[in-house]
Amino acid sequence: MARITPQKEVWRDIPNDPDKGQLKIRHLKQGEINDIEDSIERYETMLRPDAAGVVHQEVRVNPAKGDKRYAYICAAVRDWKNVYGLDGKPMECTDANKILLARDDEDFGKVVGQFRRELAEQVAQEKEAARKNATTSAAGSPA
């Protein structure tokens, strides 16, 4: 499809949250995922010669470190409601606060990941339905 698709965002309730927190999750398109992966350099490929001079390819996994390990969360969480700091006041939805929350509560990252997967499935189903509709429409229209 030679057309830019709109950005898909949904509000989701944070499960089992006594404050009734909500997250606005944005679907990350494949290009955005590629950009994130490039920025955190997950894999490093090197060519090294052995003693006989034969070159071998080595792949090393570089786990994201520091703030970079939260790149997907920062990109996907666009807003939130009823998320509070230690002082009991609402926290602003900034990348720094997303990282703070993810470091403090290991379930936060899991919830964001779950919401991202569900939204990706929804987007895939919508694309497939649109593709089928376009194919059906094109087949039924006169040439």
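Q: Which residue forms a salt bridge with Lys-24?
A: Side chains of opposite charge can pair when their charged atoms come close. In this predicted model, Lys-24 pairs with Glu-9, and the closest N and O atoms are 3.4 Å apart. The two residues belong to distant parts of the chain: Lys-24 is in strand β2 and Glu-9 is in strand β1 (residues 9–13), 15 residues apart.

Q: Is Lys-24 buried, partly exposed or exposed?
A: The label follows from the relative accessible area: buried is under 20%, exposed is over 50%, and partly exposed is in between. Lys-24 has a relative accessible area of 23%, so Lys-24 is partly exposed. Its partner Glu-9 also counts as partly exposed, because its relative accessibility is 34%.

Q: What else does Lys-24 touch, not counting residues up to four places away in sequence?
A: Besides Glu-9, the residues it touches are Val-10, Trp-11, Ala-76, Val-77, Arg-78 and Asp-79. Lys-24 itself lies in strand β2, which covers residues 22–26. As for separation along the chain and in space, Lys-24 and Ala-129 are 105 residues apart in sequence, and their C-alpha atoms are separated by 24 Å.

Q: How many salt bridges does the structure hold?
A: There are 9 salt bridges in the structure. Another one of them joins the side chains of Arg-12 and Glu-118, at 2.4 Å from N to O. This pair, too, links distant parts of the chain, with Arg-12 in strand β1 and Glu-118 in helix α4, 106 residues apart. Arg-12 is at 28% relative accessibility, so Arg-12 counts as partly exposed. Glu-118 counts as partly exposed because its relative accessibility is 30%.

Q: Where do Asp-107 and Lys-110 lie?
A: Both are in helix α4, 3 residues apart, which is about one turn of the helix. They form a salt bridge in which the closest N and O atoms are 4.0 Å apart. Asp-107 is partly exposed because its relative accessible area is 42%. Lys-110 is exposed, because its relative accessible area is 52%. Salt bridges that share partners join Glu-106, Asp-107 and Lys-110 into one network.

Q: Why does Lys-98 count as buried?
A: A residue is called buried when its relative accessible area is under 20%. Lys-98 is at 3% relative accessibility, and therefore counts as buried. This lysine is found in helix α3. Its side chain is joined to that of Asp-95 by a polar contact of 3.2 Å. Leaving aside neighbours within four places in sequence, Lys-98 is in contact with Ile-73, Cys-74, Val-77, Arg-78, Trp-80, Cys-93 and Phe-108.

Q: Is Arg-26 buried or exposed?
A: Arg-26 has a relative accessible area of 11%, so Arg-26 is buried. Its place is in strand β2. The side chain of Arg-26 makes a polar contact of 2.3 Å with the side chain of Glu-32. Not counting residues up to four places away in sequence, Arg-26 touches Glu-32 along with Gln-7, Lys-8, Glu-9, Ala-75, Ala-76, Arg-78 and Leu-119.

Q: What is the volume of the largest pocket?
A: Rolling a probe the size of a water molecule over the atoms shows where empty space is left. Here the largest pocket has a volume of about 470 Å³. It is lined by 19 residues, and those closest to its centre are Val-83, Tyr-84, Leu-101, Asp-104 and Asp-105. Two elements give two or more residues to the lining: α3 (95–104) and α4 (106–140). Of the elements, α3 gives the most, with 4 residues. Sorted by class, this lining has 10 nonpolar, 4 polar and 5 charged residues.

Q: Which residues lie nearest the centre of the second largest pocket?
A: They are Thr-5, Pro-6, Val-123, Glu-126 and Lys-127, out of 13 residues that line the second largest pocket. About 270 Å³ of space lies in this pocket. By class, its lining has 5 nonpolar, 3 polar and 5 charged residues.

Conventions
Residues numbered from 1 in each chain as written. Predicted model: local features only at pLDDT ≥ 70, side-chain atom pairs only at ≥ 80, totals over all residues. Heavy atoms only, no water. 1 Å grid on protein atoms, 1.4 Å probe; cavity = no way out; pocket = protein on both sides within 12 Å on 5 of 7 lines; lining within 4 Å. Points joined across faces, edges and corners; volume = space filled by probe spheres on them. Nonpolar A, V, L, I, M, F, W, Y, C, P; charged D, E, K, R; others polar. Buried < 20%, exposed > 50% of the residue type's maximum accessible area, 1.4 Å probe, protein only. Polar contact = N/O pair within 3.5 Å; in protein donor to acceptor, adjacent residues only side chain to side chain. Contact = heavy atoms within 4.5 Å.
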